[in-house]
Amino acid sequence: MANLTTNPSILSWIEDRKALVKPEKVVWIDGSKEQIEQLRAEACSTGELIKLNQEKLPDCYLHRTAVNDVARVENRTLICTPTQEEAGPTNNWMAPDEAYKMLDEIAKDSYIGRTMYVIPYSMGPVGSPLAKIGVELTDSIYVVLNMAIMTRVGKAVLDVLGDSNDWVRGFHAKCQIDEEKRYICQFPQDNTIISVNSGYGGNVLLGKKCFALRIASYLGKNEGWMAEHMLILGVEKPDGETKYICAAFPSACGKTNLAMLIPPEIYKEKGYKVWCVGDDISWIRKGADGRLYAINPENGFFGVAPGTNEKSNPNALASTKKGTIFTNVVHNLDDNTVWWEGLDKNPPENAMDWTGKPWNGKTSDVKGAHPNSRFTAPAVNCPCISPEFENLNGVPISAFVFGGRRAKLAPLVYQSRDWNHGVFVGSIMASETTAAAAGAVGVVRRDPMAMLPFCGYNMADYWQHWIDIGKTLDPDKAPKIFNVNWFRKDDEGNFMWPGFGDNLRVLDWILDRCDGKVDAAETAIGFVPKAEDINIDGLEGEVSRESLESILDVDKDLWAAEADGIAEFYAKFGDRLPETLKEELETLKANLK
Ligand code: OXD
Ligand code: MN
């Protein structure tokens with residue numbers, strides 16, 4: 001097949017990789033519908049994909065990964081910077097020379113008898129000044145088809161790139177899916193990602209976490225922009241104006257649900273609408289008017305299937321009804337569709353579980369879908385996708401929101417005093433582990449800006465970068481920074497806030513604060529709403545004024561213990577910890593006295 005580009009840096013890199021892995025042939029992904037159709041058919045013929053009921057689920061397919069390959073592997077994800085100090089205390093590190101040598105030995109000859117697919121892709125709308133280009137080489141059709149949903153792929157991308165060397169190299173080899181030799185390596189200084197011995201999404205769709213967060217966070221530091229693990233949503237007010245919010249949450253905090261929120265009835269009646277620009281990643285840059293603008297670099301959703309249903313997230317569910325690849329869900333053999341725990345109360349009896357074994361949902365006591373089973377769905381399918389989704393310049397950001405799962409500590413919402421205090425609030429983000437994950441319940445895990453597994457360089461330098469970005473912004477134009485906690489519990493362990501669509505009530509207060517329309521109470525940790533300013537109309541029987549007051553309170557004793565935990569975490573970063581954050585911690589301690 002003819003090359004799709006004459007770009008010398010791409011061609012010479014492909015030659016280099018070919019010499020190492022020895023593919024039978026090379027196929028360039030041109031982005032055409034015909035080629036995608038051909039690849040789907042080929043994958044079905046080998047069993048890599050199962051074609052689902054095309055009347056109920058047009059252009060939808062099912063894939064099963066190896067049973068040892070079902071999630072991102074953080075302990076085998078390495079940041080390969082020249083020194084360990086550059087990767088920092090929160091990343092796994094290996095020296096680049098050593099890593100390249102190890103990976104070459106693993107990947108050597110691994111494409112013999114296989115095809116090398118060359119995927120040119122754009123993170124962000126093709127041609128956007130905020131977009132970046134990558135090329136992924138892979139021996140997996142599943143990867144090609146997923147990348148074609150999650151990113152913009154094909155010839156148009158190469159035409160934009162021309163002969164430039166400014167692109168990210170991504171090399172993936174399935175090898176033998178050997179967990180002992182599985183590595184996901186980022187080389188930030190070389191714009192390079194190498195992934196071996198996995199076929200699972202987060203490890204092999206190299207545009208997503210590897211490029212759009214780990215490599216991009218490093219590029220952003222050097223080039224003066226930000227790559228964040230943040231959803232982007234627009235709230236349209238009754239007057240027709242839409243304001244945008246970027247929000248970061250650790251996993252299992254309902255990020256996709258928030259990104260696609262359905263307003264409560266009383267808000268719908270008033271004319272509020274919520275638009276989803278992105279559910280996972282934001283790339284953010286200062287615009288000509290001095291405000292920060294964000295794009296979603298992705299083109300689809302790689303969402304967790306279990307728990308997604310008509311009530312929890314009808315927009316996500318609707319997004320999966322066409323052109324979607326399901327991974328590790330239940331295969332309903334009666335009508336050749338899919339099912340997962342939490343979809344409905346009617347599990348199929350005649351089905352296959354995620355491993356491909358016969359499974360009866362009515363009698364089985366084991367789960368049919370893997371808890372981390374996924375849908376890869378095109379963003380255009382989403383009923384609330386923002387009209388600005390393809391805007392080359394992105395959307396202007398009014399607020400940054402950080403959040404976590406804290407049963408007692410953090411109030412429902414609070415606002416930082418200023419930008420630097422907001423960076424502090426992001427840096428102390430933490431979530432308590434739930435019963436859903438292995439290990440002790442209620443243990444606090446620090447996850448600054450929800451970037452713990454995704455920051456491509458020393459986290460302390462990343463905080464400094466946030467502080468430096470703030471210095472370039474006029475305070476009137478800088479987004480305001482907030483923290484939310486949807487997960488406060490009473491003494492009996494019941495959630496005190498309904499969450500889901502009702503979170504719009506909190507976003508509404510946040511946007512009113514951004515507009516200077518509502519005042520707040522100043523506390524030791526920042527500005528907290530007055531209870532009367534959070535609209536709880538329509539929540540009678542669910543949230544009383546007293547319980548709202550109690551989830552807005554700031555318990556100084558709990559916060560004093562938290563300050564000790566923060567100091568312990570910060571100590572890991574030694575001298576690299578920004579002075580500003582040390583001062584913020586001192587201020588917090590003083591405020592608590
Ligand atoms: C994801 C994650 O899959 O953050 O988006 O783990
Ligand atoms: Mn994520």
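**Exercise 1.** In this predicted model, is H229 buried or exposed?

*Solution.* Step 1: a residue counts as buried when its relative accessible area is under 20%. Step 2: the computed relative accessibility of H229 is 7%. Step 3: H229 therefore counts as buried.

**Exercise 2.** Identify the donors of the manganese ion (ligand 2) and place K209 and H229 in the chain.

*Solution.* Step 1: coordination of the manganese ion (ligand 2) comes from K209 (NZ), H229 (NE2) and D280 (OD), at 2.1 to 2.2 Å. Step 2: along the chain, these donors follow the spacing K-x19-H-x50-D. Step 3: K209 belongs to helix 8 (residues 207–223), while H229 sits in the loop between strand 12 (226–228) and strand 13 (231–236); the pair therefore ties together parts that are 20 residues apart in sequence. Step 4: K209 is buried, its relative accessible area being 7%.

**Exercise 3.** Determine how far helix 14 (residues 504–514) is enclosed.

*Solution.* Step 1: the buried residues of helix 14 include L504, W509 and C514, and also the charged R505, D508, D512 and R513. Step 2: eleven of the eleven residues are buried, so helix 14 is largely enclosed by the rest of the structure. Step 3: after helix 14 comes G516, with a positive phi near 65°.

**Exercise 4.** Describe the largest cavity and its lining.

*Solution.* Step 1: there are four cavities of 30 Å³ or more, and the largest has a volume of about 110 Å³. Step 2: 16 residues line the largest cavity, with R406, A410, I428, A430 and N483 closest to its centre. Step 3: strand 29 (480–484) and helix 16 (556–571) each contribute at least two lining residues. Step 4: by class, the lining comprises nine nonpolar, four polar and three charged residues.

Conventions
Residues numbered from 1 in each chain as written. Chains lettered and ligands numbered in written order. Predicted model: local features only at pLDDT ≥ 70, side-chain atom pairs only at ≥ 80, totals over all residues. Heavy atoms only, no water. Donors = N, O, S within 2.8 Å, 3.2 Å for Na, K, Ca; no water. Helix = DSSP H or I, 4+ residues; strand = E, 2+ residues; numbered from the N terminus. Buried < 20%, exposed > 50% of the residue type's maximum accessible area, 1.4 Å probe, protein only. 1 Å grid on protein atoms, 1.4 Å probe; cavity = no way out; pocket = protein on both sides within 12 Å on 5 of 7 lines; lining within 4 Å. Points joined across faces, edges and corners; volume = space filled by probe spheres on them.
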